[in-house]
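The following report goes through a structural model step by step, from the setting of single loop residues to the surroundings of the bound ligands. It is meant to be read beside the sequence and the coordinates.

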Amino acid sequence: MTQARLQFFNTLGRTLSDFVSIEENKVGFYACGPTVYDYAHIGNLRTYILVDTLRRVLEMNGYDVTHVMNITDVGHLVSDGDTGEDKMEKGSRKLNKSAWEIALYFEKAFFKDLKKLNIKHPTVVCRATEHIQEQIEFILELEEKGFTYKTPDGIYFDTEKLPDYGKLALLDKAGLEAGIRVAMAEKRNPTDFALWKFSGSTKRQMEWPSPWGVGFPGWHIECSAMAEKYLGKTFDIHLGGEDHIPVHHTNEIAQCEAKNGTIQANYWMHGYFLQLNKEKISKSGVSMRLDSVLERGYNPLAYRYLTLTSHYRSHLNFTWEGVSGAQTALRRLKKKIALLPDGGKRDDGFVKQFFEHINRDLNMPKALSLVWKLLDSDVAPANKKATLLWFDQVFGLELDKEELEEKIPQHIVKLADERLQMKKERHFAKADELRDKIVEAGYQVHDLGDSFTLSKM
Ligand code: AMP
Ligand code: ZN
């Protein structure tokens, strides 16, 4: 059976392109990892579900995938413009723990979230703090080639020296505001970025000696140095959230091109942001953790399902109604599959259509709708099951696992029903009384517009 061609939208050039790997049947891909100064929010996790989906689609297409992810545990400053404090040092002060402690703590919490979401562990996980030497060597080469200059505050990359700087973001260099005003006095061009920052008079917890003085690496250099170490000078795919286009990935491309004379990766893919009430989610502002979703009685894979209902290149607005609908759909799906007999084989027609969707720039919403189409089709029941479970190698929804329905006792559901009725009739005192009873019994009721969900406390 011929399979649909694998195509991705390449941010570099803004075109839908056929995917051709450097080495036959092998793919090297690098996805920017978390900055571990706080818990990941569900927006970050949307991006890591995308990373996992890409990996699974590549594997489904027969590629042997090397998936590298860094842990940013130093050097990511509060502002993308090389100003402000290091997020790790700020987090350390906030939590009254050392920067090293919080890095390990939040890294662990991050991987716990990934596991809950059935995200495969990367082939290589590398921490920035454990690759300082590689970063210093990278900067030394840039220095030798004449791309760096020194200011009182650090070693900078001179973007003026690279004629096509900004090609990923289609940056209009001339039109760029001297946005990075504070440091502008010392920088030659507004787009120049720090490769190494000096500790100066501030005592830092994370600092290292270097040929230029004691300090710490910039955020962009860590990814380029580690990606090269584990994947080589040019690899297949580089992925991150959309915020990485104008600064982080633009700068990675620039420094790699300056040092190696080649493009760092052939395909650049970017996941669009998850929003919360149409607002941007960020660790320091409006935020929500996966655990907050789970506390309300949702299955983590209901969140995974929700993210698959929208294309990765569109914004997704998170709502409780949305995750509730996803949970209902996932439960229905699992129940239907559990009723189907084993022993079937894959249906060629549906397999072909599935490849058409997933191979066309990861069209997961279409792939998901195929599931329902297949269930309604006249394909033999056992073959339906075999085909759906084969699809699930890409969805990662554990469709063959029995749904662990939260066992909420009927009398508690009844109390919550009564409470909703009281609220509708505006008998609020009575409604509160009923809520107290539910809480006394060890359950929590969460309002959802015109309905509710219940969870164990
Ligand atoms: P950080 O931990 O801030 O370094 O971000 C980790 C990853 O999450 C990066 O690839 C970001 O681009 C991505 N990201 C940040 N905010 C969001 C969001 N609201 N929605 C989706 N991805 C995000
Ligand atoms: Zn990165």
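## Loop residues and their exposure

P209 has a relative accessible area of 64% and is therefore exposed, since the cut-off for that class is over 50%. The structure is a predicted model, and in it P209 belongs to the loop between β8 and β9 (215–217). Between the C-alpha atoms of P209 and S199, which are ten residues apart in sequence, the distance in space is 10.0 Å.

Several other loop residues are covered to a greater or lesser degree, and the following table gathers five of them with the loop in which each is found.

| Residue | Loop between | Relative accessible area | Class |
|---|---|---|---|
| Y37 | β3 (26–31) and α1 | 16% | buried |
| D82 | β4 (64–71) and α2 (87–95) | 9% | buried |
| N118 | α3 (99–116) and β5 (124–127) | 22% | partly exposed |
| T191 | α5 (181–184) and β8 (193–198) | 10% | buried |
| E398 | α13 (381–395) and α14 (410–424) | 23% | partly exposed |

Because buried means under 20% relative accessible area, D82 at 9% falls into that class. D82 also has a partner that is remote in sequence: 111 residues separate D82 from F193 along the chain, whereas their C-alpha atoms are separated by 6.6 Å. For Y37 and M457, which are 420 residues apart along the chain, the separation between C-alpha atoms is 28 Å.

What does the side chain of T191 contact? It is joined to the side chain of T159 by a polar contact of 2.7 Å, and T191, at 10% relative accessibility, counts as buried.

## Backbone angles

Most residues other than glycine have a negative phi. Against that background, N118 has a positive phi, near 60°, in a residue that is not glycine. E398 likewise is not a glycine, and its phi is positive at about 50°. The relative accessible area of N118 is 22%, so N118 is classed as partly exposed, and E398 is partly exposed because its value is 23%. A positive phi, near 70°, is also found at G261, a glycine that follows α7.

## The zinc site

Which atoms coordinate the zinc ion (ligand 2)? The donors are the SG atoms of C32 and C223 together with NE2 of H248, at 2.0 to 2.2 Å from the metal. Written as a sequence pattern, the spacing of these donor residues is C-x190-C-x24-H. C223 and H248 form a pair that links distant parts of the chain, for C223 lies in helix α6 (residues 219–231) and H248 in helix α7 (residues 245–260), with their positions 25 residues apart. Both of these residues, C223 and H248, are buried. The helix that carries H248 is itself mostly covered, with 14 of the 16 residues of α7 classed as buried.

## The surroundings of ligand 1

Ligand 1 has 16 residues around it, and those that come nearest are T35, G43, T47, D243 and K283. Two elements, α1 (42–60) and β10 (235–241), each supply at least two residues of this shell, and the largest share, four residues, comes from α1.

Three separations between polar atoms describe the setting in more detail. An oxygen atom of ligand 1 lies 2.7 Å from a polar atom in the side chain of T35. For G43 the backbone is involved, with one of its polar atoms 3.1 Å from a nitrogen atom of ligand 1. The side chain of N44 places an N or O atom 3.0 Å from an oxygen atom of ligand 1. Of the 490 Å² of accessible area that ligand 1 has on its own, the protein covers 94%. Where does ligand 1 sit? Its place is in the largest pocket.

Methods. Residues are numbered from 1 along each chain as its sequence is written. Chains are lettered from A and ligands numbered from 1 in the order in which they are written. This is a predicted model: local features need pLDDT of at least 70, side-chain atom pairs count only at pLDDT 80 or more; totals for chains, interfaces and linings use all residues. Side-chain values use heavy atoms; hydrogens and water are left out. Donors are N, O and S atoms within 2.8 Å of the metal (3.2 Å for Na, K and Ca); water is not among the atoms, so sites may look incomplete. Buried means under 20% relative accessible area, exposed over 50%, partly exposed in between (1.4 Å probe, protein chains only). A residue is near a molecule or strand if one of its heavy atoms lies within 4 Å of it. A polar contact is a pair of N or O atoms within 3.5 Å; within protein, one must be able to donate a hydrogen and the other to accept it, and residues adjacent in sequence count only if both atoms are side-chain atoms. Accessible areas come from the Shrake-Rupley method with a 1.4 Å probe; for residues, only the protein chains shown count as cover. On a 1 Å grid over the protein atoms alone, a cavity is a set of points where a 1.4 Å probe fits but cannot get out, and a pocket is an open set with protein on both sides within 12 Å along at least five of seven lines; lining residues have an atom within 4 Å of a point. A molecule sits in a cavity or pocket if more than half of its atoms lie within 2 Å of its grid points.
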